[in-house]
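Please take a moment with the sequence and the model below before reading on. The paragraphs that follow go from the overall fold to the nonpolar interior, and then to the contacts between charged and aromatic side chains.

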Amino acid sequence: MSLNLLKLCVGCDSIADLEEWIAARRAEATRLGRPHEQAHITRMVPKRGDEIVGAGSLYWVIRGQIACRQPVLAIRPFTDADGVGRCRLVLDPEVTPVEPRPCRAFQGWRYLAPKDAPRDISRHAAGDLAAMPETMRRELAALGLL
């Protein structure tokens with residue numbers, strides 16, 4: 001059975017912001033002639049990483065709502081230059097919007113069981129919902145209409 005992670009996407013105001021950040025990192029790596037690997041660095045290593053890698057995703061909380069996800073491809077613990085243990089979460093660069101769901105702020109990351117994860121928003125599964133602007137989806141979800 002798969003397991004997911006839930007994390008705040010600090011500094012992003014929208015899914016588009018996250019996608020722009022990913023594209024900028026990719027462009028910078030290309031400019032420098034380095035291979036690009038989409039990753040997020042966090043302090044703690046998930047103890048249940050074997051349940052996450054390859055089957056689970058990192059769900060991003062943006063502006064108080066679970067908004068999107070990225071599949072987790074690898075989890076790589078390392079020690080930084082200051083001797084502090086860290087964890088590199090290697091992610092698929094494809095960002096998948098999910099049905100918005102309110103989520104309170106928290107520190108670090110949390111496990112998210114598949115049964116508790118919001119469904120993906122895709123053109124095939126949700127019709128016009130995927131084409132709807134993110135701000136409109138947020139407002140409709142806040143009103144309880146999504």
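A residue is called buried here if its relative accessible area is under 20%, exposed if that area is over 50%, and partly exposed in between. By this criterion, 38% of the 146 residues of the protein count as buried; the model is a predicted one, and every value given here is computed from it. The protein exposes about 8800 Å², of which carbon and sulfur atoms supply 52%.

The secondary structure comprises four helices and seven strands, which follow one another from the N terminus in the order β-α-β-α-β-β-β-β-β-α-α. As for how the chain meets itself, 65% of the contacts with a separation of 6 or more are accounted for by residues 24 or more positions apart.

In soluble globular proteins, nonpolar side chains tend to be buried together. In this model the largest nonpolar core has 20 residues, and those with the most contacts inside it are Leu18, Leu58, Trp60, Ile62, Cys68 and Leu89. Helix 1, strand 3 (57-62), strand 4 and strand 5 (85-91) each supply at least two residues of this core, and strand 4 contributes the largest share, with four residues. Another core, of ten residues, lies apart from the largest one, and its members include Leu6, Cys103, Leu112 and Ala117.

Charged side chains offer a second way to read the fold, and a search of the whole structure finds seven salt bridges. One of them joins Glu37 to Arg76, with the closest N and O atoms 2.7 Å apart. Because Glu37 lies in the loop between helix 1 (15-31) and strand 2 (39-42), while Arg76 belongs to strand 4 (residues 65-79), the pair ties together parts that are 39 residues apart in sequence. Both partners fall into the intermediate class of accessibility: Glu37 is partly exposed at a relative accessible area of 39%, and Arg76 is partly exposed at 36%.

Strand 4 also takes part in a salt bridge through Arg69, whose side chain meets that of Asp120 at 2.8 Å, N to O. This pair links distant parts of the chain, as Arg69 sits in strand 4 and Asp120 in the loop between strand 7 (109-112) and helix 3 (123-126), 51 residues apart. How do the two partners divide between buried and partly exposed? Arg69 is buried, because its relative accessible area of 16% is under the 20% cut-off, whereas Asp120, at 30%, counts as partly exposed.

A further salt bridge brings together the side chains of Lys115 and Asp116, at 3.3 Å from N to O. Lys115 is exposed, with a relative accessible area of 73%, while Asp116 is partly exposed at 34%.

The aromatic side chains complete the picture. A pair of aromatic rings is described by the distance of the centres and the angle of the planes. The search of the whole structure finds one aromatic pair, formed by Trp109 and Tyr111 in an edge-to-face arrangement, with 5.0 Å from centre to centre and 70° between the planes. Trp109 counts as buried at 14% relative accessibility, whereas Tyr111 counts as partly exposed at 31%. Tyr111 has a charged neighbour as well, since Arg48 lies over the face of its ring, at 5.3 Å from the ring centre. Elsewhere, Arg88 lies over the face of Phe78, at 4.5 Å from the ring centre.

Definitions and conventions. Residues are numbered from 1 along each chain as its sequence is written. This is a predicted model: local features need pLDDT of at least 70, side-chain atom pairs count only at pLDDT 80 or more; totals for chains, interfaces and linings use all residues. Side-chain values use heavy atoms; hydrogens and water are left out. A salt bridge is a side-chain nitrogen of Lys or Arg within 4 Å of a carboxyl oxygen of Asp or Glu. Buried means under 20% relative accessible area, exposed over 50%, partly exposed in between (1.4 Å probe, protein chains only). Contact means heavy atoms within 4.5 Å. Accessible areas come from the Shrake-Rupley method with a 1.4 Å probe; for residues, only the protein chains shown count as cover. Rings of Phe, Tyr and Trp (its six-membered ring) pair if their centres lie within 6.5 Å; planes under 30 degrees apart count as stacked, over 60 as edge-to-face and the rest as tilted. A charge sits over a ring if NZ of Lys or CZ of Arg is within 6 Å of the ring centre and within 35 degrees of the ring normal. A nonpolar core is a set of buried Ala, Val, Leu, Ile, Met, Phe, Trp, Tyr and Cys residues joined through side-chain atoms within 4.5 Å.
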